[in-house]
Structures are given as structure tokens and as C-alpha cells.
Amino acid sequence: MSDSTPRPSVLFVCVHNAGRSQMAAAFLTHLAGEKVEVRSAGSAPADTVNPAVVAAMNEVGIDISAETPKILTAEAVQASDVVITMGCGDTCPVFPGKRYLDWQLDDPAGQGVDAVRPIRDDIEHRIRALVNDLTG
């Protein structure tokens, strides 16, 4: 057992887990590495990650083509210190003692890469601030 402080864990939630939450999880993993545990899920997961999202992330050197949307579980929420919702409304379970953030982001579903880029860039800025907040 290590004496070190347990690393913070973050769960990103959107409806389909095919766009916003996938980009956010990928940026956090990319920028924080092993310092933060990262999860993402959707209240009604899609079958695949949005291809325009995969393309937009490839443009910034992050490959998420192997990711698959996952169903949101109460266990995932309970295991996370910070839960960041992105337009999933009331479908996200709420547990006491967790830190909840709601990020108002456009939904990339059905959009082309041109529409996804500004969403991606917004998410990256938010993730950079989050990394500073979580890791000092």
C-alpha cells in the first residue's frame, strides 16, 4: 500500500457517450496522465463514438478510435470524486459528497468536423483548468 494521496477520479457524463464526454476523457487522460483516474459514460450510450469527434481529436494528435460508449452506472458515480455532466439533465444519479459540475456544451451529434472543432477546443480549455485545479 502506498502512503501517497489517492489520485482524484473524474467521471464525464453525456447522453450518448459518443462525443463530448469522450473528448473530455481523452483530453484529461492526455494532459494529466497517471495523476487522475478518468471515466466516461452515457445515460443512453450510442453504438459507436461519433466519427466527426474521432476526426477532430485526431487533428490534435489524440486517437480515440478504439473507444466505445459505455452505460452510466451508479457504481461509476460513487467511485468518482468529480462528476462532470454535459447535457444529461436529470438522468445522472446524485450522491452526497461528490463534486458536480455541469458543462453547457453544444452536442456534436450529427455535426461535421467543422462544427465539432469549437466544441473540442472549448472542452480542452475546460480540461486544462480542471487539471490545474485537481493536481495543483
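L28 touches V10, F12, G33, V36, V38, I127, L130 and V131, leaving out residues up to four places away in sequence; a contact here means heavy atoms within 4.5 Å. This is a predicted model, where local features need pLDDT of at least 70, side-chain atom pairs count only at pLDDT 80 or more, and totals for chains, interfaces and linings use all residues. Residues are numbered from 1 along each chain as its sequence is written, and side-chain values use heavy atoms, with hydrogens and water left out.

L28 also belongs to a bigger picture. Along with F12 and I127, L28 touches the most other members of the largest nonpolar core, which has 30 residues. Such a core is a set of buried Ala, Val, Leu, Ile, Met, Phe, Trp, Tyr and Cys residues joined through side-chain atoms within 4.5 Å. Buried means under 20% relative accessible area, exposed means over 50%, and partly exposed is in between (1.4 Å probe, protein chains only). Two or more residues of this core come from each of β1, α1, α2, β3 and α4, and α1 gives the largest share, seven residues. There's a second, separate core too, with seven residues, including A41, A76, V77 and V83. As for the element names, helices (H or I, at least four residues) and strands (E, at least two) are DSSP runs, numbered from the N terminus.

Now for the sheet. It's an open one with four strands in the order β2-β1-β3-β4, paired in parallel; two strands pair if DSSP finds at least two bridges between them. β2 (37–42) and β4 sit at the edges, each pairing on one side only. On average, neighbouring strands are turned by 20° against each other, direction ignored. The parallel strands β1 and β3 are joined by four bridges, and F12 stands opposite I84 in β3.

Two helices to look at here are α1 and α4. α1 packs on the sheet, touching β1 and β2, with its direction at about 160° to that of β1. α4 packs on the sheet as well, touching β1, β3 and β4, and its direction makes about 150° with that of β1. For these angles, axes are lines fitted to C-alpha atoms, for helices over the stretch in contact, and the angles run from 0 to 180 degrees between N-to-C directions.

Stay with α4 for a moment. Its 23 residues (113–135) should span 33 Å at 1.5 Å a residue, and the end C-alpha atoms are 31 Å apart, which agrees; the expected span is 1.5 Å times one less than the number of residues. V116, I119, R120, I123, E124, I127, L130 and V131 are buried in this helix, and their cover includes β1 (9–14), α1 (20–32), α2 (51–59), β3 (82–85) and β4 (99–102). Just after α4, G136 takes a positive phi of about 70°.

So what about R120? At 7% relative accessibility, R120 counts as buried. Its side chain makes a polar contact of 3.1 Å with that of E59. (That's a pair of N or O atoms within 3.5 Å; within protein, one must be able to donate a hydrogen and the other to accept it, and residues adjacent in sequence count only if both atoms are side-chain atoms.)

Finally, C14 in strand β1 is buried at 2% relative accessible area. C14 and M86 are 72 residues apart in sequence but 4.9 Å apart in space, C-alpha to C-alpha.
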